[in-house]
Each structure stands twice: as structure tokens, then as C-alpha cells.
Amino acid sequence: MMNGDEYIRSLQAMKTIVYINGQKVSDYYSHPVMKPAVNTLKATYDLASDPELDSDIHALIVTESDLTGGRVNRFLKILQSREDLLARMKLQRAMMRYTGGCFGGRCVAGAVINSLWSVTYDMEKAGCSAPYHQRFRNYMKAVQEQDLAVSGNITDAKGDRSLPPHRQSDPDLYVRVVERRKDGIVVNGAKLQQSGAPVAHERLVVPTSALGPDEEPYAVAFAVPGDAEGVVHVNDSSCINAKFEAMDHEDIGNATFGMHQSAHILFDHVFVPWDRVFLCGEWKPCRDLVHRFSDFQRLASSSCRCGYIDLCIGAASAMADYNGVSSKSHIQEKLIDMSVDAETIYGLVAGASAHSTDTASGVPLPDTMIINAAKIYMNDAILRTAQKLADIGGGILVTRPSNRDLRIPKVGDLLRKYHKGRDGIDVEDRLKMARLCESLSGLASMTPILSVIAAGPPATQRLNFRLMTDLKRDRRAAERLAGIAP
Ligand SMILES: Cc1cc2nc3c(=O)[nH]c(=O)nc-3n(C[C@H](O)[C@H](O)[C@H](O)COP(=O)(O)OP(=O)(O)OC[C@H]3O[C@@H](n4cnc5c(N)ncnc54)[C@H](O)[C@@H]3O)c2cc1C
């Protein structure tokens, strides 16, 4: 298995084409916008190779491969039991708590690998003449032996969302086969919004939706290296990127890991040799494929957000302490609510894993209803968490002076003086934690935090109700109705 430095060298050895904000960047792995994604993937290699970094994560991330008989990073493991699903859930949460960043360049692959493994197995057992499962088995064995990071590529461009692939005015809006050759196929199209794709070695591509009989060219699954001819990556242009380019490291808040990076992958007539083609024209199995990878990915992302809420609880509780309000009841209640959300999601994911059903290949499928309930619950819980974090942290999350301001002679000292929290807390620590809270809340566009905090935090509005609700009147009415008072 590779360590983190070997992973970086392996990226350097590739000729992956990456554009960032209009520029082609050859050493993209060192670019400030890409660095958090590189660091997060590097952490998956470091934690696997060095038990001393975090022995709990090490024990989760290193496992045995049924394919090679050797050790393998759990992100590449073919799931074979409920315990595997549960271990994956625990790993996602622990990795997120460790980094606060996205390791999508490895994690999404788990969904694609396990769905493709089980579906090609079913096809083989049903008598499919093409040796898709054997090819995928060979491919996965090589990937595991080389410990490669695989990016799972599902989402097509999709054009008019109300139309299926074959009725789009531009046929390339879903990735498709444009030529079948003796030695392989040629594909065209794009996969958009791919988490961590440029920092992974391999692109593993599957259709994004169930398909019909007119859609054989779209029923294609294949793998190519990230630097295959005709593959181009264009990084997303989220406005958060600008922060990583313009601001001092200390001013970013989780500068090491804390930015989700995604890229659009353009496939411009890319040749794929047959040994890397795992589905070509068989539209019927795509329904199972889509169903399975969706549920696997919902398990991964829901588990991951539990770790994110853990971090938000930690940051909010530190901020409350620095501000001298950690024992206030409304702060305690909010921290408890955040914790309830994390454990509710975790419980649902554990329940979906415990109620899994085995496919013929032995890959267990999480319970569909429960895992989708986990994802739906998580969608709202993460927004509630951000709001509570902003509420507990205060306006300083978005208004704190920059580190450069703190270096202005005299003014810097005054800023420190006026940003002090409770006695005994270093003002620099309070400022650092405010930045982490800002980053974790994801609300740095000002308006959401401004709306929660400005004109007074929610507890001050609630105070009015404690003081002004006419409890005497309401109680009199209730007691009269109950026949207790006249
Ligand atoms: C940061 C980020 C990272 C991502 N990482 C990955 C990744 O690693 N790999 C990957 O494959 N994908 C990835 N995705 C893609 C993600 O899976 C898609 O964003 C998601 O599937 C929604 O697709 P969309 O963004 O095109 O939204 P749209 O499809 O445009 O949806 C917008 C709205 O339209 C509605 N809608 C769309 N079609 C229909 C319809 N036919 N009928 C009724 N309503 C409809 C939707 O319900 C939604 O409300 C990522 C996305 C983001 C934002």
C-alpha cells in the first residue's frame, strides 16, 4: 500500500489535464485551490500506512482483500458482509471528523465498485456472453495491488432534465459509445461535478439513470486513467476558491483540508480498450446499477455528515467556552440537539446496514427505505447544524479581522484587545476557532449568518416570549376548562 508521499509522487508522474479558473495548470496538485483535496486524499494513504497518526482510523481503513489476499485500503474493498457495511460507515464518520474535508476522490468509488461488481456478477450468472465480471475482477485486482485512488463518475450533463438521453437535442449530453472497434470502444460526453476527480488516478464511469431499449449507446461502464488521451478536467469555480487563492493560510479556517473540490470531466472521443469496458449496450441491468450505487452512496454521505456534525459540535462548544457562555442552558440545548441529529443519522445508517440483503455476488445492499430516510434526514440536519453553529459562535464568524489586519501597527493590538473573550482564553485561539466555525458552517456568504445573528441572536428573541407570553391568562383559561377554577 502507498503512503502519502508516494501518492503525491504518483500524481506527479501522471499527465492529467486540469484547468483551474481558465488556466491549464500542470502542477495542479500544488495549486491552492486543489491542495485541500490532495491533502485529504493523502490523509487516506497516510492513515493507512502509519498507525501512529490515529490508531482507530488505521484499524478501520486497513483491511483484507478477498481478491489479492493482501492488505487493502477499505475504500477499495469489495463489500462481503454487514460488518463491511458497518465498518465503512464508521470509517466515513471517523475520516470526516479527522479532516473536515471531502475524500470524494476515493469514497464515491465504493458505490460504483460495489454496484458494478454485483451487477456484472448477476449478468454473468444470467449467461451474459461478454466477460464483464471477469474483466472487472481483473481491473479491481490491479487497482487494489497498486492501491490506486478511483473516482466514481456517475452524473452526466443531462441537458433537458425532462427528456431521456436518446431524446436530447445533443446526443452527447449523456456519456455514450460513438464507435465500437476491434480493440475497444470510443466514448464521448461529460461527467459533471465529480468530487476530487483530478486527484484520483482512475476514472470509473457508469450511467447516471435507468435506460430503455433505444438507449444502448448510453449503457456503458468503463475505466480510464485520469491522464488518458482526450480526458480533460475543468475545476469548479465556487467562490470559496477565491478565498484559498487570496487569503493567508491562517485566515481560511481548516486551510489544510477544508474545501470540497469537484471537477467537470470532458471525454472527447476517448478510446477505451475492451479489458476496461464493463458494460456496453446492455440497458436492462442499468436499473439495478443505478439503484445500488445510489443507496451505497447515500450510506457513505450520510455516515460522513455524522463526522461533520461531530466537528461542528466541537467547534461550537469551544466557541461557547471562549465566549464564557458554555454553561448557559440554551447553548447546552443546542449542542444536545446537534448531537441528537448526528446519532439519529448514524442509527439510521446502522439500521440500513443491519437490514441489508445479500446479492448473489455476496455484496450486501443496505435497506433502501432506511438509507434513503437517513439521507433525507441528513439533508435538513446539516442545515440545522450550520444554523446552530452560527448562532452559538456569534457574528465574529464572518466579521473577524483578518490576520493582515492584526499585523497593522497599534491597530492590530487594539483589534486583539477588543476581540478578547473570557479571561484565560488567548484571543488568537478565539479568532482561529471563529474561522473554523465559519468554514464548517458553510455560511460564509454573510447573509445566512447575518440573518441568524444580526439584530440579536435567537435566544434574545425567545427571551421576549418568556417575558411577554401571558401565562396567567392562558393558565386561567386552561384551569377553567378543566373545571379546576371558576
Ligand atoms: C459538490 C458536488 C459534488 C459532487 N460529486 C459527485 C461525484 O463525485 N460523482 C458524481 O457522479 N456526481 C457528483 N455530484 C453530482 C450530484 O450527484 C448531482 O448534483 C445530483 O445528482 C443532482 O444533479 P444536478 O446537480 O444536475 O441537478 P438537477 O438534475 O439539475 O436537479 C435540479 C432540480 O431539478 C429536479 N429535477 C431534475 N430532473 C428532474 C425530472 N426529470 N423530473 C422532476 N424533477 C427533476 C431535481 O429534483 C432538483 O430539484 C456532485 C455534486 C455536487 C454539488
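Start the tour at the side chain of lysine 158, where an N or O atom lies 2.9 Å from an oxygen atom of the ligand. Keep in mind throughout that the model on the screen is a predicted one.

**The ligand and its shell**

With lysine 158 still selected, add glutamine 193, which places a polar side-chain atom 2.7 Å from an oxygen atom of the ligand. Then turn to isoleucine 154 and display its backbone, since the contact to look for there is between a polar backbone atom and an oxygen atom of the ligand, at 2.8 Å. How much of the ligand does the protein bury? Taken alone the ligand exposes 970 Å², and the protein buries 43% of that.

Next, widen the selection to the residues around the ligand: Val108, Gly152, Asn153, Ile154, Thr155, Lys158, Arg161, Gln193, Gln194, Ser195 and His260. Colouring this shell by residue class gives two nonpolar, seven polar and two charged residues. If you switch to a cartoon view, you can follow strand 5 (150-153) and strand 7 (184-195), each of which supplies at least two residues of the shell, and strand 7 gives the most, with three residues.

**From strand 7 into the sheet**

Strand 7 is also a way into the next stop, an open sheet of six strands in the order 2-1-10-11-7-6, with mixed pairing. Which strands stand at the edges? They are strand 2 (23-24) and strand 6 (176-180), and because each has a single partner strand, one side of each is left without a neighbour in the sheet. At the strand 2 end, select strand 1 (residues 17-20) as well, and you will have a pair that runs in the antiparallel sense over two bridges. Within that pair, tyrosine 19 has lysine 24 of strand 2 as its bridge partner.

**Salt bridges**

Now clear the selection and show charged side chains, for the structure holds 29 salt bridges, of which a few are visited here. In one of them aspartate 46 meets lysine 42, with the closest N and O atoms 2.9 Å apart. These two residues are four apart in helix 2 (residues 35-49), which means that about one helical turn separates them. Aspartate 46 is buried, its relative accessible area being 19%, a value that falls in this class because buried means under 20%.

Move on to helix 6 (residues 132-146), where glutamate 145 and lysine 141 likewise lie four residues apart, about one turn of the helix. Their side chains meet in a salt bridge at 3.3 Å, N to O. Is glutamate 145 buried or exposed? Glutamate 145 is exposed, with a relative accessible area of 51%, whereas lysine 141, at 33%, counts as partly exposed.

A further salt bridge to select is that of arginine 176 with aspartate 172, whose closest N and O atoms are 2.7 Å apart; aspartate 172 counts as partly exposed at 22% relative accessibility. After this pair, pick Asp66, Arg74, Lys77 and Asp84 together, which are joined into one network by salt bridges that share partners.

**Last stop: serine 115**

Finish in helix 5 (residues 104-125), where serine 115 has its place. With a relative accessibility of 0%, serine 115 counts as buried. What does the side chain of serine 115 reach? Show the backbone of alanine 111, and you will find its oxygen 2.7 Å from the side chain of serine 115.

Methods. Residues are numbered from 1 along each chain as its sequence is written. This is a predicted model: local features need pLDDT of at least 70, side-chain atom pairs count only at pLDDT 80 or more; totals for chains, interfaces and linings use all residues. Side-chain values use heavy atoms; hydrogens and water are left out. A salt bridge is a side-chain nitrogen of Lys or Arg within 4 Å of a carboxyl oxygen of Asp or Glu. Buried means under 20% relative accessible area, exposed over 50%, partly exposed in between (1.4 Å probe, protein chains only). A residue is near a molecule or strand if one of its heavy atoms lies within 4 Å of it. A polar contact is a pair of N or O atoms within 3.5 Å; within protein, one must be able to donate a hydrogen and the other to accept it, and residues adjacent in sequence count only if both atoms are side-chain atoms. Accessible areas come from the Shrake-Rupley method with a 1.4 Å probe; for residues, only the protein chains shown count as cover. Ala, Val, Leu, Ile, Met, Phe, Trp, Tyr, Cys and Pro count as nonpolar, Asp, Glu, Lys and Arg as charged, and the others, Gly among them, as polar. Two strands pair if DSSP finds at least two bridges between them.
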